[in-house]
Amino acid sequence: MGGQVSGNPIQGQEREAAGVNDGMVVDLHIHTNRSSYCSSLGPQEMLDRAKELGLDAVAVTEHSVTRGAQIAYEMGLEQGFTVFRGIEVYTKMGDVIVFGLGGDAHYDADFQELMEEVRAKDAVAIIAHPARGYWGHHRRYKGVCPDEALQAVRLVETHNGQNTREANSAAAEIREELSVPGTGGSDAHNVSHVGKCVTVFERRFSTEEELIDELKAGRCFGTYLADLDGYRL
Ligand SMILES: [Zn+2]
Ligand SMILES: [Zn+2]
């Protein structure tokens with residue numbers, strides 16, 4: 001199974017107009033009701049909505065556990081739709097999205113220990129919503145995530161669907177100042193959120209290894225889906 005979307009409604013000239021060309025559009029931050037109890041989004045309705053919007057893939061990133069992502073990944077395999085298995089780790093400092101961890105994370109993980117694990121496993125980390133009111137659920141870092149964390153990760157979620165426009169603009173400024181790559185994801189907790197923000201990748205791919213490589217290489221950027229011509233929410 002190639003992981004390509006069959007019947008993608010956004011094709012040819014429309015993709016070109018949107019600047020997507022040979023790349024792909026991925027919602028890189030979604031919570032489903034299978035593991036994130038704060039979410040009402042079922043995996044099938046997530047897949048249906050992603051296909052309807054013309055997304056090329058999604059990533060399920062539950063809070064500190066992988067089960068929901070695994071369920072959605074298997075459903076995606078059966079339906080020929082790419083689902084990447086990520087995780088949003090609650091660290092003692094703030095929220096970090098990781099791909100390639102290969103298992104659950106400690107709830108309330110130590111930030112530095114998580115980063116060591118990320119390095120040891122050749123995984124990739126992204127600072128989630130760095131400029132939301134508070135970076136993490138401990139509310140330790142009001143406003144903006146600290147420089148120490150930004151420097152350690154050097155990959156920033158500039159577009160988060162649950163953020164205000166102002167918080168996303170501030171995140172985009174942080175990314176620019178650091179000259180690091182950015183990503184986007186809806187942070188969906190219900191079906192209406194899916195696809196609001198996305199990551200545009202320069203290349204097409206379907207494996208998690210490739211996703212990690214593309215993120216590390218910074219061949220991507222975050223955006224609102226509505227800002228990509230031809231795509232409609
Ligand atoms: Zn979060
Ligand atoms: Zn989240």
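**Three paired strands, from β3 to β5**

In this predicted model, strand β3, covering residues 82–90, pairs with β4 in the antiparallel sense, and five bridges hold the register between them. The connection is a hairpin: four residues lead from β3 into β4. To find your place in this pairing, look at V89, which stands opposite V96 in β4.

Now follow the chain into β4 itself. On its other pairing, β4 (residues 95–99) meets β5, again in the antiparallel sense, over four bridges. Two residue pairs help you trace this contact. V96 of β4 stands opposite I127 in β5, and I97 has I126 in β5 as its bridge partner. V96 is therefore a handy landmark, because it faces V89 of β3 as well as I127 of β5, in a strand that is largely enclosed by the rest of the structure, five of its five residues being buried.

Next, consider where the side chains go. In a regular strand, side chains alternate between the two faces of the sheet. Along β4, D95, I97 and F99 point one way, while V96 and V98 point the other way, and all of them are buried.

Strand β5, residues 124–127, can be read in a similar manner: V124 and I126 point one way and A125 and I127 the other way, and all are buried.

How values were computed. Residues numbered from 1 in each chain as written. Chains lettered and ligands numbered in written order. Predicted model: local features only at pLDDT ≥ 70, side-chain atom pairs only at ≥ 80, totals over all residues. Buried ≥ 20, exposed ≤ 12 C-beta atoms within 10 Å, placed from the backbone. Helix = DSSP H or I, 4+ residues; strand = E, 2+ residues; numbered from the N terminus. Pairing = 2+ DSSP bridges.
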